[in-house]
Amino acid sequence: MSLLTTTLPVSFEFFPPKSPEGAEKLRVVRQALYARQPEFCSVTFGAGGSTQEGTFGTVSEILAEGMAAASHFSCIGATKVGVRQQLATLQAMGVKRLVALRGDLPSGYGAGGEFSYASDLVAFIRDETGDHFHIEVAAYPEIHPQARSAEADLKAYVTKVKAGANSAITQYFYSADAYARFVDDVYALGATVPVVPGIMPITNSSQLLRFSDACGAEIPRWIRLRLQGFGDDTASIKAFGLDVVTHLCDQLRSAGAPGLHFYSMNQSAPSLAVLDRLGL
Ligand code: FAD
């Protein structure tokens, strides 16, 4: 167990289940995670509105279970009329927290839409709904994969925060230095909202390597090689992953991270194992 024993807010992220069985399994997972008294639970949103029904349905269930819920909300390909309607639906559902994103269009969707970047969405939400929503935005300590340069990406983040964000959640990473440097840099540029690190527990090496290539998250060489060396030995992968992620969380806590946001992948055990080790 970690030597640091201070309390730290935690939150958990889910994706909308694709089947009734998945929805039932997720209800059980949520109850296990609620025992850790999360600040909120969030539900991802397929860009282009592809999962809107599943996202809003899962958010409704979380609210009905008495837990604070954040709906992710992406704007790529969207119109202002459409976003206005969705915001009204979320307000009527009692949602008070959004993770406002540009998103990535799934293949098969054409370009277009009235929003270019997440900063446009944040400004629109503030114009339309005032202070109703606590708005989270995405942060990339290891630089967004499509950024023109590291400097341009930091400036884009600052613009997004100044458009009206209350806090940020990062893409996952395994370098505490990248996080600390990002926070220092954006604070120096005047974006001083809390930046909560996104934590991806390591349980499956091929899935992690595939995801990381797609989203630009860096898996340090030594972690990649160790994972590859375990082959199909899932017990060793999980034990190693738990050590690595617990150590990362400890470093982040020491660096003053204001909370931990777990990418649960709709499972409870990996996040709970890390929290147990951290004594949270
Ligand atoms: P933006 O902040 O708009 O940035 C996108 C790119 O544009 C960056 O490269 C940035 O540098 C650049 N940029 C921004 N503004 C400007 C400007 N004015 N001029 C030039 N360049 C600019 N995806 C989903 O589809 N659904 C989800 O639910 C989801 N949840 C996420 C949650 C978190 C916490 C994170 C970190 C990511 C999530 N994503 C999700 C992924 C996200 O949608 C993608 O990373 C997407 O490519 C960028 O979205 P963004 O909101 O960060 O975009």
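**Figure 1. How the whole chain measures up against a compact globule.** For 280 residues, a compact globule would come out with a radius of gyration near 19 Å, and the protein chain, at 18 Å, agrees with that. Keep in mind that this is a predicted model. The C-alpha trace spans about 50 × 45 × 40 Å along its principal axes. Counting up the secondary structure gives 10 helices and nine strands. Buried residues make up 48% of the chain. Of the contacts with a separation of 6 or more, 79% are between residues 24 or more positions apart.

**Figure 2. The surface and the charges.** The accessible surface adds up to about 13000 Å², and carbon and sulfur atoms own 52% of it. There are 23 positive and 27 negative charges, and their mean positions sit 1 Å apart. Side chains of opposite charge can pair when their charged atoms come close. Searching the whole structure turns up 13 salt bridges.

**Figure 3. Arg 30 and Glu 61, a link between two helices.** Here the two side chains meet in a salt bridge, at 2.7 Å from N to O. Glu 61 belongs to helix H2 (residues 52-64) and Arg 30 to helix H1 (residues 20-34), so the pair ties together parts that are 31 residues apart in sequence. The partners differ in cover: Arg 30 is buried, with a relative accessible area of 1%, while Glu 61 is partly exposed at 25%.

**Figure 4. Arg 30 again, this time with Glu 65.** Arg 30 also has a salt bridge to Glu 65, with N and O 2.8 Å apart. Glu 65 is in the loop between H2 and strand S3 (69-74), and Arg 30 is in helix H1, so to speak a long-distance pair at 35 residues apart. Glu 65 is partly exposed, at 29% relative accessibility. Zoom out a little and a network of salt bridges appears, linking Glu 24, Arg 27, Arg 30, Glu 61 and Glu 65.

**Figure 5. Asp 104 and Arg 102, a pair close in numbering.** Their side chains form a salt bridge, 3.0 Å from N to O. Asp 104 is partly exposed, with 47% relative accessible area.

**Figure 6. Asp 153, a buried acid without a salt bridge.** This residue lies in helix H5 (residues 150-162). Asp 153 is buried, but the nearest side chain of opposite charge, Lys 160, is 7.0 Å away. So what does Asp 153 touch, neighbours within four places in sequence aside? Its contacts are Tyr 140, Ile 143, His 144 and Ala 147.

Methods
Residues are numbered from 1 along each chain as its sequence is written. This is a predicted model: local features need pLDDT of at least 70, side-chain atom pairs count only at pLDDT 80 or more; totals for chains, interfaces and linings use all residues. Side-chain values use heavy atoms; hydrogens and water are left out. Helices (H or I, at least four residues) and strands (E, at least two) are DSSP runs, numbered from the N terminus. The radius of gyration is taken over C-alpha atoms; the globule rule is 2.2 Å times the number of residues to the power 0.38. Buried means under 20% relative accessible area, exposed over 50%, partly exposed in between (1.4 Å probe, protein chains only). Contact means heavy atoms within 4.5 Å. Accessible areas come from the Shrake-Rupley method with a 1.4 Å probe; for residues, only the protein chains shown count as cover. Lys and Arg count as positive and Asp and Glu as negative; His and the chain ends are not counted. The place of a charge is taken as NZ of Lys, CZ of Arg, CG of Asp or CD of Glu. A salt bridge is a side-chain nitrogen of Lys or Arg within 4 Å of a carboxyl oxygen of Asp or Glu.
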